[in-house]
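Work through the exercises below with the structure open beside the text. Each task sentence is followed by a solution in steps.

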Amino acid sequence: MENHSTTTMPLTSDLPNKKQTVCIFGTGDFGRSLGHKMIQCGYTIVYGSRNPKNSKLIPQGATVLPHAEAAETSDIIIIAIPRIHYATLERLKETLDGKVLVDVSNNLKINQYPESNAEYLAQLFPESKVVKAFNTVSAWALQSGALDASRQVFVCGNDSKAKEKVIDIVRSLGLTPLDKGSLLAAKEIEDYPLQLFPMWKYSIYLSLGLTAFLFIYCLIRDVVYRYITENKDISFFIAITIPNRICPIVALILLGLVYLPGIFAAILQLYRGTKYRRFPDWLDKWMLCRKQLGLVALAFAFLHVLFTLVIPIRYYVRWRSDSYLLQQVFKNKTDSFRTDYAWLSDSYLAFGILGFFLFLLLGITSLPSVANSVNWREFRFVQSYLGYLTVVLCTAHTLIYGGSRFLYATSYPWGLPPAYIFSLIIPCIVLVIKFVLIFPCIDRPLTAIRQGWERKPKDLSEPQNLSGSSV
Amino acid sequence: MENHSTTTMPLTSDLPNKKQTVCIFGTGDFGRSLGHKMIQCGYTIVYGSRNPKNSKLIPQGATVLPHAEAAETSDIIIIAIPRIHYATLERLKETLDGKVLVDVSNNLKINQYPESNAEYLAQLFPESKVVKAFNTVSAWALQSGALDASRQVFVCGNDSKAKEKVIDIVRSLGLTPLDKGSLLAAKEIEDYPLQLFPMWKYSIYLSLGLTAFLFIYCLIRDVVYRYITENKDISFFIAITIPNRICPIVALILLGLVYLPGIFAAILQLYRGTKYRRFPDWLDKWMLCRKQLGLVALAFAFLHVLFTLVIPIRYYVRWRSDSYLLQQVFKNKTDSFRTDYAWLSDSYLAFGILGFFLFLLLGITSLPSVANSVNWREFRFVQSYLGYLTVVLCTAHTLIYGGSRFLYATSYPWGLPPAYIFSLIIPCIVLVIKFVLIFPCIDRPLTAIRQGWERKPKDLSEPQNLSGSSV
Amino acid sequence: MENHSTTTMPLTSDLPNKKQTVCIFGTGDFGRSLGHKMIQCGYTIVYGSRNPKNSKLIPQGATVLPHAEAAETSDIIIIAIPRIHYATLERLKETLDGKVLVDVSNNLKINQYPESNAEYLAQLFPESKVVKAFNTVSAWALQSGALDASRQVFVCGNDSKAKEKVIDIVRSLGLTPLDKGSLLAAKEIEDYPLQLFPMWKYSIYLSLGLTAFLFIYCLIRDVVYRYITENKDISFFIAITIPNRICPIVALILLGLVYLPGIFAAILQLYRGTKYRRFPDWLDKWMLCRKQLGLVALAFAFLHVLFTLVIPIRYYVRWRSDSYLLQQVFKNKTDSFRTDYAWLSDSYLAFGILGFFLFLLLGITSLPSVANSVNWREFRFVQSYLGYLTVVLCTAHTLIYGGSRFLYATSYPWGLPPAYIFSLIIPCIVLVIKFVLIFPCIDRPLTAIRQGWERKPKDLSEPQNLSGSSV
C-alpha cells in the first residue's frame, strides 16, 4: 500500500521542512491543476491574478495576490497565462529581473507563431531566466493522478542553474524531467503535444483506401456475382473470407511500397551520378514514411495470419469438407494422393510462415528501444537484407498461392481477375529492378556514388554547376 | 573475441597510466565485489576497516588500512557499511571534509527511515560532497560479470563536480550512469531495488482468484456433473477445454475493470460538478492499476487465442467430428448448409480476431519505449478510442458465441448458468453507461468540467467551501 | 505537410538571424555531407582544405579556405579528416588554441589504435577543447534525410561548455544528442558503429549448425529411408514436416544452454567455497550470451508454433485424415473413443501452450525498455523462476509428445532414434541438477556463498592464497 503512495506523492514526507514557495501567474485550468499537485507535494503556492478577489477557484491552501506582490514571494514564477497576454506583464519587468520564469504554454496549432512562446517570453524579459517546461503534461493528468501516459516533462532553457531548479520541481512531482538543452529546443517542445501521429497519416489513409477498394471489388466479384448468376447467398463471406483475401493483398502492396522509394533513389543517383543533390520532395517524404508503411503492412499481415489459422474452425469450411467427404462415400470413390498438390500446399504455407516471421523480426527491430540499441550498420543489415528476403518470401508465397489459377476462365467472372494479382505488381517490380541493381556492373558505380568517393567525372563539371544554380 | 573483452572490461587498456586511487570503507560483500571489479578496470583500491589485520578476504591487489589512513589516500570514498554504523564515522569528520562520499547502501524495506540514507550521511558530514550511486547493482552481478539485467546505475548528488567523478567511475566499469539530479532523488533511488512489481500485485492476485473460482465452477458444472449424471469421464477437459473457457472470461472481466474506474470518475465529476476534488482513495489506486489490469487481460486473451487455434489438432475434437461424420454415413443422411450458422460462426471469429488485434495494439503502445514516444494526445486516442472499440468487439464476440445458448434448459446443469455469462456483466455495464455518457447533453458539461473552464455555478459556491473545509 | 518539414529541417525558420559560422576541416564525403546538412539548417560553413582551389565538390553556399584562414572564422572546428593526418595539423596549434575541435572520425576495426582518436587529438592539441561527436551517423543518412535508424549522436568531452555548443548543433540538425560524459567514453563511442551484432554471433552460428545437422538427420531418417525401403516419395516433408520437427528441438536445446552455465557456476562456487574467484573464460562468455541464446530459442519456438498451427490446413494432413475416415467407412467399423489418448493429446498441447506463453513473457522482459524499467530483484524473479518453469513445461511437452514412441522398433529406421530425443538431453540434465541444488542442505551453503557472508573457513585460507598467486 505504501509503495503506491510514494509513486503518487513522492518525497512528501521529507519535504515539509524545506517547503519552497512558488508563484503561479494565472488561475486558469492548468495553473490550478499544477498548483493543486504542487501543494500536495509540499510546496507553498502563491497565485498572481489580475483581480485576486474574484479568484475563488484556486486550490485549497494557496493564496492569491496581485501579480506584482505575488512575484515578490518567490524566485520561480510559473507563467500559466496565454501567450497573447504575455505583453501585459511587461510592467512587472523590474520585479521579474533575475527570476526564473517557467513557460508552460501550448499553442493551438503547429507553427502558429514565428518563434516559440518561450523565446518570445525571453525577448520580453531579457533579464529573466526563461525555462520551458510542463507543456507536455495535461491538466487532467495532473489532476487525476492517472499518469499512465508519458511522465516525461521536456525542459529547456539557457540558464543551467534555473533549469536545475525547475528539474527538481518536476522530479518532486513524480514526473520524469528530460533536459532538451537550450531555449532553441522550445519550438520542438511546443510542437510536440499538438501532433496526432503525423507520420502515420499517409500510411493509414492509403491502407484504408486500398481496403475499401478491395472490399468492394471482392464483394462484386464473389458475392454479388454468385448471387446474380447462381442465386446463391454467400454473404457470410464478408466476415472472414473476404477480409482474409484483402489483408494479404494490402500487406504485400504496402511492403512493396516500403522498398520502392529506395529503388527510385538508386536510379536517380545513378542517373545524376551524384548523391549531393536533394531528392524531389515526394520521394523525400515517401522515404520518411517507410517505417510506418512497413508497420501498417505488418498489422495487415498479422490479421491475415489470424484469419488463416481459424479456417479449420469455421462452420462453413467444416461443412464443405464434410459434404465433400460424404459425396466421396456415396459415390464410393477415393481421391488418390497427389505429391505435387502436397508440395504446393506445404511450400505455400512454409514461405508464408517464414515471410511472416522475418516481417515480425523487422517490426521488433523498429521498436524505439530496440532501434536505439543497434548501430547504423546493424540497422541497415536488418532492414535491408532481411527486408528484401521478406519481400522475396512473401511474393513467393503469393505466387504459389495463385499457382496456375489465373489461367482458367472461371477465375474471371465478369472479366474481373482474382484480387491477389493486384498485390503482385509492386513487389515484382521492386524485385526485378533490385535484381538488376545488384549486378556488379551497376552495383559498383552506385556504391561508389553513395560513398561519395567517385562519380562520373566527364558529366560532373557541368551538372554540378547546373545544380548549383538551380538549388 | 576482442569485442567481448571490451564489454566486460572496458577501457582497461588505456587506463593504466591514469590509475586513480579510490577508497572503500567496509569489507563486506558489496565492498569487496565493487573493489574487485574496480581493480579489474584499472583502479587502485584502498580499503578502510576497523581492524585491518583481520580483513583477509579483500580482493587481490587491494590494501587495507584503518579508516582514517585509508581516507587520506583518495578524494573519493565509497561508504560500503550499513547505515546504522554511519555515526561511528563521525570522528573522521575533519578528514572527510571536502571529499566525495559515495553512499551505496540499500534498506531492507521501503520507508524504513524517515530520510534516505544518503541524506542522513549528508547531514552527518555537511562539509563532504555526498553522492548516491551503485545501490541498484547487485554484488552478485558485479562479481559474475553477468549483467544481463539493467546496467543502469542511478546517480544523484548536490555537488555536480562530485557527481561527474562518480559518473566517470560508473562508466569505466561498463555500467550505464543515469543522473537523477539532486540528493532529493536519493529516497526514490533507495526504494527502487526493493520493489517486486508493486503495481502488478492487485491485477495478478485478482486474476488468479478469478481463475481459481472459474476453474472450480467449470469443473463442477461440466466434468463432475457429467460424471455423476452420465458416469462419463471427461476429466481430460481440465487440460484445454476448461482453460480455454476460463481465459476469455478472465480477460473480458479484467478488460471491463480497466474501463470501469473511468466511468466512475466521470459520474463522480458530473455529480460534484468539478474536477478539483480528489477521488476517493480506492478509485485513485484503481486508476493507477489500469495498465497492469489491461496487460494481464491481454495475457489471458493471448492464451485463449492459442487454446482456440489448437482445437482442430486435438484428438478429442478430431474423434468427435469423425464419429459425427460416420454417423451421417451410416444413417445415410446429409446436413444441409445453413447460412445463418455460417454467419454466426464467421462473425463470432471475426469479432474475436479484430478484438484481439486491437488489444495487442493497446499492449504494444504501453511498452515503455513506445509510450514515451507518443504524446498525451496520441496516447489518449489509442487508449481511449481504440480501447473502447476493443471492449465493444470482445463483448460482441462473447455475445455471439453465447448466441441463444442461454435459452435452453440443457445449459443449466444443476441450475448453474454457463460461465461465459459472468464475463458479460462488467463490460456490458461499462458500455451501457459509456453510451449514455457520450450523449451530447451529458458529454458537453463533462467535457467542460474536465477542461476546467465551466462548472455548475449555482451549486458551486457551497460545495467548494464544504470541500475546502473537509480536505 | 508542415509537420514533415519541421522534422527534416528543424528550426530553419527561426535561425537565419543567428546564423553561426562553423568550420569544417576536410572535404571528404562525410565533411561534405555534414556541411550540406548544416547549411540546410541555417549555418554558415567554411571548409578548411590543403588546396582550396581544387575543392570543387563542396556543397553549394559554402566557402573553402586554407586551413589556417578557415580556422580563424569560427570557434568550432569539425575535424573531418582521417586520424593519420591529424599530426599534419600541428602547425596550426596556436590558431586552434582554446577552440572547440569536434572529432567525427571512425576506425576501420575495433581496437585499431591503443587510444581513441579523440583522445589522440586531445593529446596533440592540449589547449583546445576536444569533443567527440557525429561518428555514429552515416554520411548517407545525413544526405538522404532518411534517418529511420538511430538518430542518436553520442557526444563526449572534458569541457562542458564546448560539449554544450556541440550538443546544440546536433539538436538543430534534428538529431538526438546523448551526453556520454568525459573524453574517456570516446573509445566506446568509436567502437560502437563497427559492431555487427557481436553478442549474437555464437548463438546464431550454433543454431544454424544445429539446424543443418538435424535437417540432414531427419532427411535421411524419414525421407530417404522411406524412398529406399518403400520407394515412396515424401520429399514434400522438407517444406513443413521436417522444419516443424527441427524447430522445437533447436529451441529446447538452446533453452537448456541458457540455464546450463548457471548450473556450472553454482557447482564451481560450491566446489571452490567462494564466489570471489573468476569463472573460467569460456563460462564467463557463455553467461554473457544467455540473453541472445534465449531469444534465438524463442524465435525457433515461435516458428514451431506457426508450423504446428497450420497443420490442419495442409493438403497432406487433410488427405490423410479423409482417407483414414473413408477406410473406416468402407470397412464399416468405428474407432471407439480413448480417454488416455485424449489426455495425452490435450496435456501435450496445454504444456506446449503454457511453455510458449512463459517463453514469450521472458522475451518481452528482455526488450531493452522493459528490462530497464524493472529492478534487479524483479529481473531475477522473471528470468530465474519463470525461466525454470518454462524449461519444465517445454520438457514435459516434449516428453509427452514422445510418449512411449521410443519403445517401438519402428521408431528406429536404420537404427536412428527419433530426433526429439536429442532435444531432451540438455534440459533434463539441467533440471535434474537444479533439483539437487534446491535441496536445503545444498541451497543453504550456496546462498551463503553468493551473499558473501559465509564460506568454508577451513579450506579458505589456502585456496585464497593459491588463487592470489595464480591470478
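**Exercise 1. Salt bridges around chain C**

Find how many salt bridges join chain C and chain B, then do the count for chain C and chain A.

Solution. Step 1: between chain C and chain B the count is 1 salt bridge. The model is a predicted one, and the cut-off to apply is a side-chain nitrogen of Lys or Arg within 4 Å of a carboxyl oxygen of Asp or Glu.

Step 2: the pair is Arg314(B) with Asp346(C), whose closest N and O atoms are 2.6 Å apart. That distance of 2.6 Å is to be held against the limit of 4 Å.

Step 3: turn to chain C and chain A, where the rule again gives 1 salt bridge across the interface. Here Arg314(C) is bridged to Asp346(A), with 2.6 Å between the closest N and O atoms. Chain C therefore supplies Asp346(C) towards chain B and Arg314(C) towards chain A, by the definition of a salt bridge used in the first step.

**Exercise 2. Extent of the two interfaces**

State how many residues each chain brings to the contacts of chain C, and how much area is buried.

Solution. Step 1: the contact of chain C with chain B takes 76 residues from chain C and 68 residues from chain B. With chain A, 69 residues of chain C are in contact with 73 residues of chain A.

Step 2: the size of an interface is often given as the accessible area lost when the parts come together. For chain C and chain B this is about 6,800 Å², of which 67% is on carbon and sulfur atoms. For chain C and chain A it is about 6,800 Å², again with 67% on carbon and sulfur atoms.

**Exercise 3. Relation between the copies**

Which rotation lays chain C on chain B, and which one superposes chain C on chain A?

Solution. Step 1: a turn of 120° with a shift of 0.0 Å along the axis lays chain C on chain B at an RMSD of 0.1 Å. The two copies are thus related as by a three-fold rotation axis. In chain C, the C-alpha nearest the axis belongs to Ser369(C), at 3.2 Å from it.

Step 2: chain C is superposed on chain A by a rotation of 120° with 0.0 Å of shift along its axis, and the RMSD is 0.1 Å. For this axis too, the nearest C-alpha in chain C is that of Ser369(C), 3.2 Å away. Of the contact residues of chain C, 10% recur in chain A, and the copies use different surfaces.

Step 3: repeat the comparison for chain B. Only 9% of the interface residues of chain C are also interface residues in chain B, so these copies meet through different surfaces.

**Exercise 4. The sheet of chain C**

Give the strand order of the sheet in chain C and place helix α7 against it.

Solution. Step 1: the sheet is open, has 8 strands and mixed pairing, and runs in the order β3-β2-β1-β4-β5-β6-β7-β8 (chain C). Its edge strands are β3 (63-66) and β8 (176-179) of chain C, each paired on one side only. Neighbouring strands are turned by 30° against each other on average, direction ignored.

Step 2: look at one pair. Strands β6 (residues 129-132) and β7 (residues 152-157) of chain C run antiparallel and are joined by 2 bridges. Val131(C) stands opposite Gly157(C) in β7(C).

Step 3: helix α7 (residues 160-172) of chain C lies across β1, β4, β5, β6, β7 and β8 of chain C, at about 170° to β7(C).

**Exercise 5. β7 and β8 in the other chains**

In which sense do β7 and β8 pair in chain B, and in which in chain A?

Solution. Step 1: in chain B, β7 (residues 152-157) and β8 (residues 176-179) pair in the parallel sense over 4 bridges. Gln152(B) has Thr176(B) as its bridge partner in β8(B). The chain passes from β7(B) through helix α7 (residues 160-172) of chain B to β8(B), a right-handed β-α-β crossover.

Step 2: in chain A, 4 bridges join β7 (residues 152-157) to β8(A), and the two run parallel. Gln152(A) is opposite Thr176(A) in β8(A).

Definitions and conventions:
Residues are numbered from 1 along each chain as its sequence is written. Chains are lettered from A and ligands numbered from 1 in the order in which they are written. This is a predicted model: local features need pLDDT of at least 70, side-chain atom pairs count only at pLDDT 80 or more; totals for chains, interfaces and linings use all residues. Side-chain values use heavy atoms; hydrogens and water are left out. Two strands pair if DSSP finds at least two bridges between them. Axes are lines fitted to C-alpha atoms, for helices over the stretch in contact, and angles run from 0 to 180 degrees between N-to-C directions. Contact means heavy atoms within 4.5 Å. Copies are superposed by least squares on the C-alpha atoms of residues with pLDDT of at least 70 in both. A crossover is right-handed if, with the strands pointing away from the viewer, the path from the first strand over the helix to the second runs clockwise. Buried area is the accessible area (1.4 Å probe) that two parts lose on being put together, summed over both.
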